[in-house]
Every structure is written in structure tokens, then in C-alpha cells.
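Visitor: I would like a close look at a single part of this model, the sheet and the helices that lie against it. Please take it slowly and keep to what can be computed from the atoms.

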Amino acid sequence: MGLIEIIYSKRVQFNIFAEYYLIMVNAVITGSGHFLPPNVVRNDYFLDYEFYDEQGNRIDKSNEEIIAKLKEITEIEERRYANPEMRNSEMAAIAAERAIENAGIDKETLDYVMVATNYGDIDPVTQKVDIMPSISARVKHILKIKNNQCKPYDMTFGCPGWIEALILASQLIEAGIAQRILVAGADMVSRAMDPHDRTAMIFADGAGAVVLEAREGSAKTGIINHITIADNLDELDFLVNGPSLNKDFDGAHSSVSMKGRKVYEYALRKVPAAIKRLIEQSGIDIDDVQKVLLHQANAKMDHAMIMRLFKLFGKEAPKDIDPMTIQKFGNSSVATVPTMFDLIQKGQLGHHKFDPGSYTVFASVGAGMSINAVLYKFPE
């Protein structure tokens, strides 16, 4: 073989290799669903409550004043509570079934059923948490998935749990370990609240889910990049389970206990910086981002985080870049982001929409303390 023939042969081999190498595996959302309990609980529901401060003293203000102040800060007008006979795993299964149907797939082809939750199934009276068997195994059971190669996986990561499960699912897909994963988030926080704590008015119930699938292509799409930060030193007790603020309360002894000011300051300091790092590492500009879906924890906090994020880039935040659901649905923990995603995807959240080829950021902060964010590009 002459020199020209050798060069030509090597070039053909290289071109074939390059063409093969440029085909990448993307993790793309192909279906979504959510479930919101039918019970609408408005702010006047709490007029007969007795609220205490962190020192265990009865708050010397009228409930009308306490409720008005909370609404001013959080913008919450109402929230959803599940029926007493309903289980968290059932909520998750409804959202999951809707996502599977929306994706148009056979449930038996799922490689994983991932469910993010903080409390698993929780008793409406005793508030006893039940996580054995796992909530993901229960969801798989309710869905009647026969495939014993489909693995149930629980993600307990505070409010950022659904996003963290989405990150893990994308890594499994991109590594070739899985082709199709259900990622759900469900919590009944109404059953884990201290009725004597003002923050009880923030929390709600709900579930959201997506189907994440492998898609080959020559360009990166779907989950582009992600970031997770975990501060587990002094921050560990910012959001915990603890006793009632009322020492004489004869109910459950383990309820959500939040140091609101510390959580607010932590989120404002850390979340915008984390999103900025994600965007810069991804090689795009903040102007390329069409939507930022923040965990719906506190409207005032979310607005402040968005303003600070754009200020870090020397810009003002565009109007409507951060859709909100907390006013009507409250804080359903791991369910807030996937619920909001599904509502927008199906044209059910006002004028908000995702354009083909656009970028969206999912971001959350919660107990741990942990922060995570995902940069997602919608397929063209």
C-alpha cells in the first residue's frame, strides 16, 4: 500500500471514529405529571390556632395579625391538604402514572422508579413516619410494575430531593446504566407540622413526576449541567424535626422546626451564587435562560434570590422569569418544582411556557442545608 493509500485509509478510519464519538447520550424529559389534593385550605383556617414563639411563649398578637404578616412575607393565600385516608405513596403514584401516560411509554420498560420524599408515608393522627418498605417500592407496587429489574430508589435530601434525584437519574442515563427512569417527588408536610408554630401555615401536600429518557444526538440537550452544595456543619439545625413550641402539647413529638431567619439568610447568600456558577460553567449567558424554576418556599425569599442572581451578572431580572405557585399551593417540599414544571409544560400556569431550544434552571434549597440546581435545554 502506497503512502497516499495509507493516509486515505487512516483518514476514513478517523472520520468514522469521529462521527461515532460525536453521538452523545442525552437525558431528556419526555413526560410529566402532578397531583394536587382537592382540599383547599385558606388562611382563615388558622384563625382558631394558638401560636407560640421559639421560647415557648404564647404570641401576644391576634391570629388575624399573625396570618396577615405571614401572607405579606410568603404571599400564601391557600394551600392543599390530602384527605386523611390518602397516603403519600398514593399521591406519588398518581403523579407518576400521569407522567408515564404523558411520555407514552410502557411502564414495564422503566429501569428505575425514583421517589424523593422527606417523610415517606406518614400517619395523619400520630404523625408516625413509615419508610419500610420504601416509598419508591410502594409506588412501584401501586403502579403494578411487574418488571423485577426495575429498581425502586428513595431520595431523602430535604426539599432539594426531587432535583437531586433528577441529577442522579441523568448520571445513570449518561453512563449507559439506564435508559428510562421515573423521577417523582411527593410529600405530605401537613402531617409533619407543629400546630403551634406559625410556619405551619407555609406547608402543603402534593406530588410531581417526570420520565427521563436517553436520547442520542450530535448536540447536547436535556440536562446540560448541574451543581450540588451541601453545608452540613453549623447549618445542620436550620431545618429539623423537633418538639412542639408548646411544651404542653399532647400531640406528636416530632414536627418541622425551622429557624426562618437563618434559612432566609443562607438561601439568599448561597443560592444565587450557586446558580451563577452553574451558568458560567455551562458556557452560556444569563440572558440565554428563559425560566428559573425555584423551589416554592417563600415568595419574598424567591423574589430576593432572583434579584440577587441577576445583580451578580450586573443586570436586572426580567419580568416573569420566575413563575410562582406558592400563593395557591403553598410549600409542598420536593413536589413544588416538578408540579410547576408540569403545569407550565401543559399550558396550565398562565402565560408561562418553555420554547424549543430554550434553557431553564431548576433550583432548590432545604434541610441539610443543601442547595442544588440543574440547567435544562429543551429539544429543538
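Which strands does helix H3 (residues 88-103) lie across, and at about what angle does helix H3 run to E1?

Guide: In this predicted model, helix H3, residues 88-103, lies across E1, strand E4 (112-116), strand E8 (180-188) and E9, and its direction makes about 125 degrees with E1. Helix H4, residues 135-142, also packs on the sheet, where H4 touches E4 and E7, and the angle between the directions of H4 and E4 is about 125 degrees.

The sheet itself is open and has five strands, arranged in the order E1-E9-E8-E4-E7 with mixed pairing. Its edges are formed by strand E1 (24-35) and strand E7 (151-155), each of which pairs on one side only. On average, and with direction ignored, neighbouring strands of this sheet are turned by 20 degrees against each other. At the E1 edge, E1 and strand E9 (residues 205-217) run antiparallel and are joined by 11 bridges; within that pairing, glycine 33 has alanine 209 of E9 as its bridge partner.

Returning to helix H4, its buried residues are Ile135, Ser136, Arg138, Val139 and Lys140, a set that includes charged side chains by name and is therefore best read with the cut-off in mind, since buried here means under 20% relative accessible area. The cover over these buried residues of H4 includes H3, E4, strand E5 (121-122), strand E6 (129-130) and E7. After H4 comes lysine 144, which has a positive phi, near 60 degrees.

Two cysteines can be considered alongside this part. Cysteine 150 has a relative accessibility of 1% and therefore counts as buried, and cysteine 159, with a relative accessible area of 13%, is buried as well. A disulfide is a covalent bond between the sulfur atoms of two cysteines, and a search of the whole structure finds zero of them.

A last point concerns enclosed space. The count comes to one cavity of 30 Å³ or more, and the largest cavity holds about 40 Å³ of space. The residues that line the largest cavity are Leu36, Thr325, Phe329, Gly330, Ser332, Ala335, Thr336 and Thr339.

Methods. Residues are numbered from 1 along each chain as its sequence is written. This is a predicted model: local features need pLDDT of at least 70, side-chain atom pairs count only at pLDDT 80 or more; totals for chains, interfaces and linings use all residues. Side-chain values use heavy atoms; hydrogens and water are left out. A disulfide is a pair of cysteine sulfur atoms within 2.5 Å. Buried means under 20% relative accessible area, exposed over 50%, partly exposed in between (1.4 Å probe, protein chains only). Two strands pair if DSSP finds at least two bridges between them. Helices (H or I, at least four residues) and strands (E, at least two) are DSSP runs, numbered from the N terminus. Axes are lines fitted to C-alpha atoms, for helices over the stretch in contact, and angles run from 0 to 180 degrees between N-to-C directions. Contact means heavy atoms within 4.5 Å. On a 1 Å grid over the protein atoms alone, a cavity is a set of points where a 1.4 Å probe fits but cannot get out, and a pocket is an open set with protein on both sides within 12 Å along at least five of seven lines; lining residues have an atom within 4 Å of a point. Grid points are joined across faces, edges and corners, and a volume is the space filled by probe spheres set on the points.
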